[in-house]
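Biologist: Before I accept the labels attached to this model, I would like the reasoning behind them. Please take them one at a time.

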Number of protein chains: 2
Amino acid sequence: MITQDPVEKFLADLASAGPTPGGGSAAAIMGAMGAALVSMVCNVTLGKKGYESVEAEMREVLAEADRLRARLTAMVAEDVAAFDGLMAAYRLPKASEEEKARRSAAIQDWLRRATEVPLACARVCAAVIGLCRRASEKGYLQVISDGGVGVLAAHAALRSAALNVYINAPALKDRAFADSSIAELEKLLGDGAAQSEAVYTLVRNKL
Amino acid sequence: MITQDPVEKFLADLASAGPTPGGGSAAAIMGAMGAALVSMVCNVTLGKKGYESVEAEMREVLAEADRLRARLTAMVAEDVAAFDGLMAAYRLPKASEEEKARRSAAIQDWLRRATEVPLACARVCAAVIGLCRRASEKGYLQVISDGGVGVLAAHAALRSAALNVYINAPALKDRAFADSSIAELEKLLGDGAAQSEAVYTLVRNKL
C-alpha cells in the first residue's frame, strides 16, 4: 500500500479543479512557513555560545512566531469557509423580489467576510515580516539564510492575500468599508515590500 | 486522541531546532505550491465554455506543471541529503594528514552537491514562473488570481533556493564550477524577477 506524503496530499488538493483550497489557503500556508522559519532561527539560537545577550529577545520572537503560525494555519479553514459561503450565496434563488433582496444581502455579508479574511491574513504576514527582521538581525549566523527564506515566504504570502482582497472589495456596496480595507492593505503592501527587501539584503550580506 | 494536521506537522518540523527540513526544503515546497496552483488553473479551465481554443495548450501546461511539482517535492529529500552529507563531512576526523586530505575531499564533494541541488531547484522554479505566465494569460478568468499566487510562490522559491547557492558556492575550490553556477543563477534571478512581476501585473489588471 502506498502512503501519500501529507504535504503532497495538500499540494494535490491545491492542484485539483476543486475551488478550495485555492490561492487564499496557499497564502496562509506560505505565511505559516515564514513564521515557522522564524521559530527555527530562534530555536537554533537559544543556548548557543555567544548569543546569551539576545536570548530574552529570541524567546519573545519565538513565542510570537509560534502564535502567528497557529493563527495562519487556522486561516486556511476561514478562507475555505468564506469562499464556500460566498459561492452558496450566489446560488441562492432569485425568482421573486424578496428572494432577490435576500440573495443580495447574503452576497454582501459574505463579500465582507471574503474581504476581512485575506486582509487579516495580510496583517499577520506583515507581522511575520517584522519578526523575520528581528530573527535575521540577531539570530545564529549559521541559520541566517532561513530568516531570508522566511521573509520571502511571508512577503509572497502578504501579496497573495492582497490579491484576494482586490477580488472581493470592488463588489462591496459598503464603500466606506471597502475603501478603508484597500487603504489599510496598500499601507501593509508598501511597508511589507520595503521591509522584506531590507531583510533580504541584510541576510544576503551576512552569507 | 488529537491528530495533528499533516501540513501542521511539516510546519512544526520546519520550526524545530533540527537543521532539516530548513530553508532549502521550504524553497522546494513553495515552488511546488506554485506548480500546484498552475495545475489548478488548468484543471478548472479545461471543459469551460468559451475556452475551447486554449484546451490543447492548457493540457500541455497541466502535464508540465504536474511533472515539475513532482520534481520539486522530490527535491525536499535531496536538500536534506545534501545538507546531512555536508555536515557529516565536516565531522570527519582530521588528526593525520591523510585524514585531513580525505575530509577536505569529502567536504568539496558535498559542497558541490549542496550547490547543485538548490541550483536545480532554482531552474525548476524559473520554469514554473513560465507556466504561471501561460496559465494566467489564457486560463479561466474566475481563477486567474490563483495564477498570481502561483507566480508569487514560485518567485519566492527561486530567490530562496538562490540563498542556498550563495551559501555554498564561495567555499568551492573548483572555481570554474562555482563561477558558472553563480552566473547561471543570476541569469535565472534576473529573468525570474522580470517575468514574475509581469505576470503579477497581468493578473492584477484582470481582477
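Modeller: Start with the word buried: a residue is called buried when its relative accessible area is under 20%. Keep in mind that this is a predicted model.

Biologist: What makes α2(B) largely enclosed by the rest of the structure?

Modeller: The count of buried residues does. In α2(B), 22 of the 23 residues are buried, so the rest of the structure largely encloses this helix.

Biologist: How do you know that the span of helix α2 of chain B agrees with what a helix should give?

Modeller: The expected span is 1.5 Å times one less than the number of residues. For the 23 residues of helix α2 (residues 23-45) of chain B this gives 33 Å, and the end C-alpha atoms are 33 Å apart, so the two agree. Just after α2(B), B:G47 takes a positive phi of about 90 degrees.

Biologist: What comes before α2 in chain B, and where is B:P21?

Modeller: B:P21 sits in the loop between α1 (6-15) and α2 of chain B. B:G22 lies in the loop between α1 and α2 as well.

Biologist: Why is B:P21 called buried or exposed?

Modeller: The cut-off for buried is under 20%. B:P21 has 12% relative accessibility, so it counts as buried. Not counting residues up to four places away in sequence, B:P21 touches B:F10, B:D13 and B:L14, and from the other chain A:M40. B:P21 and B:D79 are 58 residues apart in sequence, with their C-alpha atoms 8.2 Å apart.

Biologist: And why is B:G22 called buried or exposed?

Modeller: By the same reasoning: 6% relative accessibility is under the cut-off, so B:G22 counts as buried. Leaving out residues up to four places away in sequence, B:G22 touches B:L14 in chain B and A:L37, A:M40 and A:D146 in chain A. In sequence B:G22 and B:A171 are 149 residues apart, and in space 20 Å, C-alpha to C-alpha.

Biologist: What makes you say that the two copies are related as by a two-fold rotation axis?

Modeller: Chain B is superposed on chain A by a rotation of 180 degrees with 0.0 Å of shift along its axis, at an RMSD of 0.0 Å. The two copies are thus related as by a two-fold rotation axis. The same surface serves both copies, since 98% of the contact residues of chain B recur in chain A.

Biologist: Turn to chain A. How many helices and strands does it have?

Modeller: Chain A has 6 helices and 0 strands. Its elements run α-α-α-α-α-α from the N terminus on. The C-alpha trace spans about 75 × 55 × 25 Å along its principal axes, and 53% of the 207 residues in chain A are buried.

Biologist: Which share of its contacts joins residues 24 or more positions apart?

Modeller: Of the contacts in chain A with a separation of 6 or more, 76% are of that kind.

Biologist: What about charge: how many positive and negative side chains does chain A have?

Modeller: There are 24 positive and 25 negative side chains in chain A, and the centres of the two sets lie 1 Å apart. Carbon and sulfur atoms hold 56% of its accessible surface of about 8,900 Å².

Biologist: Why is A:T73 called buried or exposed?

Modeller: The relative accessible area of A:T73 is 16%, and buried means under 20%, so A:T73 is buried. A:T73 belongs to helix α3 (residues 55-90) of chain A. Apart from neighbours within four places in sequence, A:T73 is in contact with A:A32, and across the chains with B:E8 and B:L11.

Biologist: Why is A:A154 called buried or exposed?

Modeller: A:A154 has 0% relative accessibility, so it counts as buried. A:A154 is in helix α5 (residues 144-168) of chain A. Its contacts, neighbours within four places aside, are A:M30, A:C125, A:V128 and A:I129.

Biologist: Last, why is A:V143 called buried or exposed?

Modeller: A relative accessible area of 10% is under 20%, so A:V143 is buried. A:V143 lies in the loop between α4 (97-138) and α5 of chain A. Beyond neighbours within four places in sequence, A:V143 is in contact with A:V41 and A:V44. A:V143 and A:V44 are 99 residues apart in sequence, yet 7.7 Å apart in space, C-alpha to C-alpha.

Note on methods
Residues numbered from 1 in each chain as written. Chains lettered and ligands numbered in written order. Predicted model: local features only at pLDDT ≥ 70, side-chain atom pairs only at ≥ 80, totals over all residues. Heavy atoms only, no water. Helix = DSSP H or I, 4+ residues; strand = E, 2+ residues; numbered from the N terminus. Buried < 20%, exposed > 50% of the residue type's maximum accessible area, 1.4 Å probe, protein only. Contact = heavy atoms within 4.5 Å. Areas by Shrake-Rupley, 256 points an atom, 1.4 Å probe, with all protein chains shown as cover. Lys, Arg positive; Asp, Glu negative; His and termini not counted. Charge placed at Lys NZ, Arg CZ, Asp CG, Glu CD. Least-squares fit on C-alpha atoms with pLDDT ≥ 70 in both.
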